[in-house]
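Q: Please take a close look at the aromatic side chains of this structure. I would like one connected account of their partners and surroundings.

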Amino acid sequence: MAQAAAAAQRPAALPQDLRIGHLHLGLGAFHRAHQALYTEAVIAGGDHRWGICAVALRNPALVQALQAQDGLYSVTERHGEQRRSRIVGAIARTLHAPSQPQAVLDALRDPAITVVTLTVTEKGYGQQPATGTLDETDPDIAHDLRQPRTPRSTLGVLAEGLRLRRPDAPLSLLSCDNMAGNGRTLRRLLLQYAEAVDPALARHIDALAACPDSMVDRIVPAATEATRAEAAAAIGLDDAAALVCEPYTQWVIEDDFRAPRPAWERAGALLVPDVRPYQTLKLRMLNGSHSAIAYLGQLAGLPTVADVMADARLGPWVRALMHEELRTSLQAPAGFDAAAYGDALLHRFENPALQHRTAQIASDGTQKVPVRWLGALRDHLAAGRPAPRLEAALAAWLHYLVCPHDARGAALQRTDPGAAPLQAALRAAATPEAQVAAALAHGAVFGPDDWPAGLRQRLAAALQRLAAGGLGALLTPQAPGAPGSPPAG
């Protein structure tokens, strides 16, 4: 680190000088560019109790890279040509859960660790998206229910670690994934899992653990060779774990902890009594528009979010979706300027420096679509308001699931382990009407409640236009209320 460029900010303390009090499950780019930086700021203020033990749940490559660098890595914040780089020292230990399961459980039982954060993605909670209940058919959950002492799933690891923890050592489990009521969801599923293993375990966890909600926001693209090269130029060192992200960051946390925690509010986090209004705002406006950008971009052959926003047809469409449908589907928190927030999001999406891949955002749609779009769509339908762009985005996603290639002829590469049954149903349907019927009957995504006949007709018409004329036909102005209607004015 002594050879780092003078312009790079150095950590106030090195990893080996920290005590470990913060455990993180789901070591990846987002954690290192978000929660780790908030904890780093607390450490920089002189509180060295909060070194992070970061656990990778799948791939060991990042663990190996960080261990080779003594836990140090760089984050470069960039918008356009403006950039700022720092070297981060908050990660004091790294573990790989599949190859070091006992070490992970030992960390969870350690009373010195009083807070656990999680970024395991929506699919990491073993939840049926439509019902919110534990998915006992999930392969990892099914394994853990049979063999709870050797867990593979996030819930299984947490439950076994908490089983080993002393009753007088409370712990806070802080979900940082993009789910409405993420802390409440984690608590509900963890207790359902524990009850299935042993009712006494469920009672122990209920008494021991708090599960506050939180809302996180920062665009952190997956690292590439190009971003690593950019970081090396910025800090003057090779960094196999380097990240490039946007300058914007936000963390809203429910103030409901049972044990000591880092003073993240000193680093800019907002501690509030109720996170849910902020979560809904972000899920619908940021994540909802991001998913629409992703599926339209994938179908159009546009590889990045900035490419979609720069497109003369798609960019204005996304702006209208944001302000005329996603923003109007919700009630913003008191004193919060949702229109300004939407404009700020659109400005962030236009940042060409991020190279945020539409393929990355398009992954795991069967988990994301229910929480990002369907609540907003149901709210509009219940109020008798048209939502043509949301319906068009939904049609685009269904088409994307079975379309072999994008508009430029490149094969579409989809990543969604939960999509196979829905894809099979869509492929087996002979007509757009049958496709819509099959999709809306897929309760794992669309839930058990019926959808209006008018929506079914409009989605079928949208799928027909997509199949016949591609995105241009979908987004061409239709009669009022039809999918793809142009913005007013």
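A: Arg261 lies over the face of Phe257, at 5.2 Å from the ring centre. This is a predicted model, and the distances and angles below are computed from its atoms. A charge also sits over a ring at Trp451, where the charged end of Arg378 is 3.6 Å from the ring centre.

Trp451 leads on to the ring pairs. The structure holds nine aromatic pairs. Such a pair is described by the distance of the centres and the angle of the planes. Ring pairs join Trp451 with Tyr295, Trp373, Trp397, Tyr400 and Phe446 in a cluster.

Within this cluster, Tyr295 pairs with Trp397. Their ring centres are 6.5 Å apart and the planes meet at 50°, so the pair is tilted; the angle falls between the 30 degrees below which planes count as stacked and the 60 above which they count as edge-to-face. Tyr295 belongs to helix H10 (residues 276-300) and Trp397 to helix H16 (residues 388-402), and 102 residues separate the two in sequence. Both Tyr295 and Trp397 are buried.

Tyr295 has another partner in Tyr400. Here the centres are 5.0 Å apart with 50° between the planes, and this pair is tilted. Because Tyr295 lies in helix H10 and Tyr400 in helix H16, the pair ties together parts of the chain 105 residues apart. Tyr400 is buried, as is Tyr295.

Phe446, another member of the cluster, can be followed through its contacts. Leaving aside neighbours within four places in sequence, Phe446 is in contact with two further cluster members, Trp397 and Trp451. The list of contacts also includes Arg378, the residue whose charged end sits over the ring of Trp451. The remaining contacts of Phe446 are Leu374, Leu394, Leu398, Ala439 and Leu440.

Several of these residues recur in the largest nonpolar core, which has 67 residues. The members that touch the most others there are Trp317, Phe349, Trp373, Leu394, Trp397, Leu398 and Phe446. Of these, Trp373, Trp397 and Phe446 also belong to the ring cluster, while Leu394 and Leu398 are contacts of Phe446. In soluble globular proteins, nonpolar side chains tend to be buried together. A second, separate core of 38 residues includes Ala97, Tyr125, Ile141 and Leu201.

Methods. Residues numbered from 1 in each chain as written. Predicted model: local features only at pLDDT ≥ 70, side-chain atom pairs only at ≥ 80, totals over all residues. Heavy atoms only, no water. Core = buried A, V, L, I, M, F, W, Y, C linked by side-chain atoms within 4.5 Å. Buried < 20%, exposed > 50% of the residue type's maximum accessible area, 1.4 Å probe, protein only. Contact = heavy atoms within 4.5 Å. Phe/Tyr/Trp six-rings, centres within 6.5 Å; stacked < 30°, edge-to-face > 60°. Helix = DSSP H or I, 4+ residues; strand = E, 2+ residues; numbered from the N terminus. Lys NZ or Arg CZ within 6 Å of the ring centre and 35° of its normal.
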